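Subject: Handing over the two-chain structure

Dear colleague,

I am passing this structure on to you, and I would be glad if you could open it before reading the notes underneath.

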Amino acid sequence: MTLRQAQGDKMGKIKIMQKKYKNPFEHLLNPGHTACPGCGQLIAARHVINACGKDTIIANATGCLEVTTSKHPTSSWKVPWIHSLFENPSAVGTGILAALKSKGLDKKVKVLVQGGDGSTFDIGFGLISGMWERGDNILYVCYDTEVYSNTGYQASGATPHDAFTRTSWPGKKSLGNILYKKNMLEIALAHRVPYVATTTSGYIEDIKRKVKKAWEIKGPKFIHILTPCVPGWGINDNQAIEVGKLAQKTGFFPVVEFVNGELVNAMKVPQDKPKVEEYLKQHIRFKHLFKDPRGKEEIAVLQKICDENIRKYNLK
Amino acid sequence: MAEIVHRIKPAVVSAYPITPQTHIVEDLAKMKAEGLADFEYINTESEFAAASVVLGASATGVRTYTATSSQGLLLMTEVLFNIAGLRLPVVITCANRAVSSPINIWNDQQDSVTIRDAGWIQLYGETNQEVIDLHILGFKLAESLMLPVMVNMDGFALTHTYEPVEIPEESLIKKFLPAYVPPKDTILDVNNPRSLGTFATPDRYMEIRQELFEDVAAAKKEIVKLNSEFKKVFGRGLGDNGLVEQYKTKDASIILVAMGSVCGTIKEVIDGLRDKGQKVGLLKIISFRPFPDDEIGAILNKAKYIGVIDKSISIGTEGVLASDLKRACFGKIKAPVKSFVVGLGGRDVTEKMIVDIFEMAKGKNNGTQFVGK
């Protein structure tokens, strides 16, 4: 049987199924995908594309979001969507925009590029810099799980200091990741990206607002969303929202908004802000810090990072 | 080159500079700056990005073009496989150049032959006229089969050589190559949302690859067909049938097989040797992918000696074209096929070397022979 025949058969069956079981949701990213229950990234991604609207074309990096939503010959996407490679969605996005320009459609159709932290912080980093330099009117969304989730939780450039990953094990000579998370926010600002914002899966309304705000601004836009990874972080499948909030409340992940390089919004930490331990305790990836006698000192280092974020981004 | 690309009217051009491709994209950028061209011209930060830009544009349903060379082509490799798998009709010019290390900016064909398995149609021109014509044919071929096409021209030997050429008028080109109409269901269109580049599990992947294999192999027929159409419109064709060109092979007892600009030198030598009564000929390969297996077998079966001239090597085996030729001719011809490697890293290929190779083709050495002096 050729692929074309197989595809024909399968598509026929799917159409019948659609008739029989009317899709209960009307999102642009639909159920039926194969992400883990309670995935922070999929929650965020659904709201991002809904806020962008149906006149949007997506260029998606390789990663969990791609692999869980596009098993051939099915797709969860109700907008035109392309996946090329791990490191190139930003350049693919530039190409889409150029084609739209040549068709006279660039004012009507939006281009959304999305990738995980591996694609954004590491392997696709140079191409993102190129896209920002070109000044393309593209929204780039990074879904940051702080780990290579799709390949089974290895350290990326976004992995926090001290976190346990499959390539940053705690042991006799290590307390987890010896490196520090890259500051993508400031890297974007250094490119003079006119709209730069961060948020987390804990704040759905904030995600929606920021996506809409981004589209009011012409030029490159970057939204960095911390999206808890249930198995990668070792949290429960009902915790993505709560942990996403706690990351902000502790100052561990600052939620801010910059327009033309100016800090215009910063989500304040509560008066009685929780200590970083409260955040760390939720994760298996930081468990070793509480067992190992050397952990105390490291927790203090992480608390210092939180305090520094609070001071730097005026989160109090 | 820039002029013919301009007349072919791509909608999006994206490139990154590399010797000896640079002047092609410089001139395209200049045309854009002077308001002479309608295409979107995108400078990128690497060849990897340039290939990705044309991928994205092509997937959005417009005609696209890029050009590169050597390291640039190798840097693009991952994207090139992807473009073919996505069945996008991108056309690329490869200004053939040696591959590092040692770093060397001069001509050989190691770059393009190295990515022969990427799923692209690969065509090689002997002269600048042929290269121009191959671009017109290449775009038509790409768009009719939804397959990417790479047109190869030897760096410096062609890219930096002045030759009189006829660049057809836009109206004539349009007659052969009308505006690109993309297939409706496989492009990025908000009115007809589709997912492209989805992932295939083991129960699907193999058939998709098989389909690509079969379609590239079947492209031979389309090349032959388009070549006769091309002849009707432009009054000249590419070789005998768009796939190969025979030069004095009919009664030849020794036939050399080669591709690219070296064929010009070989033809000169053949003329000289023929004057001296030697029955020698040349089989020029234009279409390296798909490889014209049957055509080649039929041409070579009467020759007594066959020598294949490569400007590349598959290290650990022999010349790349030589291997392909042996495979294509297996069981079809009796003559021994010998592998000769010439011109690596821009070493001049002289008439004397070709004369020597005609002699060596009759010899007993069956190993790969490097002819550099």
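The notes below go through what was found, beginning with how the chains meet and then turning to each chain.

Please keep in mind throughout that this is a predicted model.

Where the chains meet, the contact takes 39 residues from chain A and 39 residues from chain B. On the side of chain A that touches chain B, at least two residues each come from α1 (3-20), β1 (56-60), β2 (81-83), α4 (89-103) and α6 (125-134) of chain A. Of these elements, α4(A) gives the most, with 12 residues. Sorted by class, that side of chain A has 19 nonpolar, 14 polar and six charged residues.

Strand pairing also links the chains, since β2(A) and strand β7 of chain B, which covers residues 195-196, pair in the parallel sense over two bridges. If you would like a place to look for this pairing, Trp81(A) has Ser195(B) as its bridge partner in β7(B).

Within chain A, I would draw your attention to a pair of helices, α2 (residues 40-52) and α8 (residues 204-214), whose axes come within 9 Å and cross at roughly 35°. The crossing in which α2(A) passes α8(A) is right-handed. On the α2(A) side the residues that take part are Ala44(A), His47(A), Val48(A), Ala51(A) and Cys52(A), and in α8(A) they meet Ile204(A), Ile207(A), Lys208(A), Val211(A) and Lys212(A). By class, this contact of α2(A) with α8(A) has seven nonpolar, one polar and two charged residues.

In chain B, seven strands form an open sheet with mixed pairing, and their order is β2-β1-β3-β4-β6-β5-β11. The edge strands of chain B, each of which pairs on one side only, are β2 (40-43) and β11 (287-289). From one strand to the next, the twist averages 20°.

Inside that order, strand β5 (residues 121-124) of chain B and strand β6 (residues 149-154) of chain B pair in the parallel sense over four bridges, and one position to look at is Tyr124(B), whose bridge partner in β6(B) is Asn152(B). Elsewhere in chain B, helix α3 (residues 47-59) lies across β1 (12-15), β2 and β3 (64-68), and α3(B) runs at about 165° to β3(B).

With best wishes

Key
Residues numbered from 1 in each chain as written. Chains lettered and ligands numbered in written order. Predicted model: local features only at pLDDT ≥ 70, side-chain atom pairs only at ≥ 80, totals over all residues. Axes fitted to C-alpha atoms, helices over the stretch in contact; angles between N-to-C directions. Left-handed = near helix turned anticlockwise from the far one by under 90°. Contact = placed C-beta atoms within 7 Å. Nonpolar A, V, L, I, M, F, W, Y, C, P; charged D, E, K, R; others polar. Pairing = 2+ DSSP bridges.
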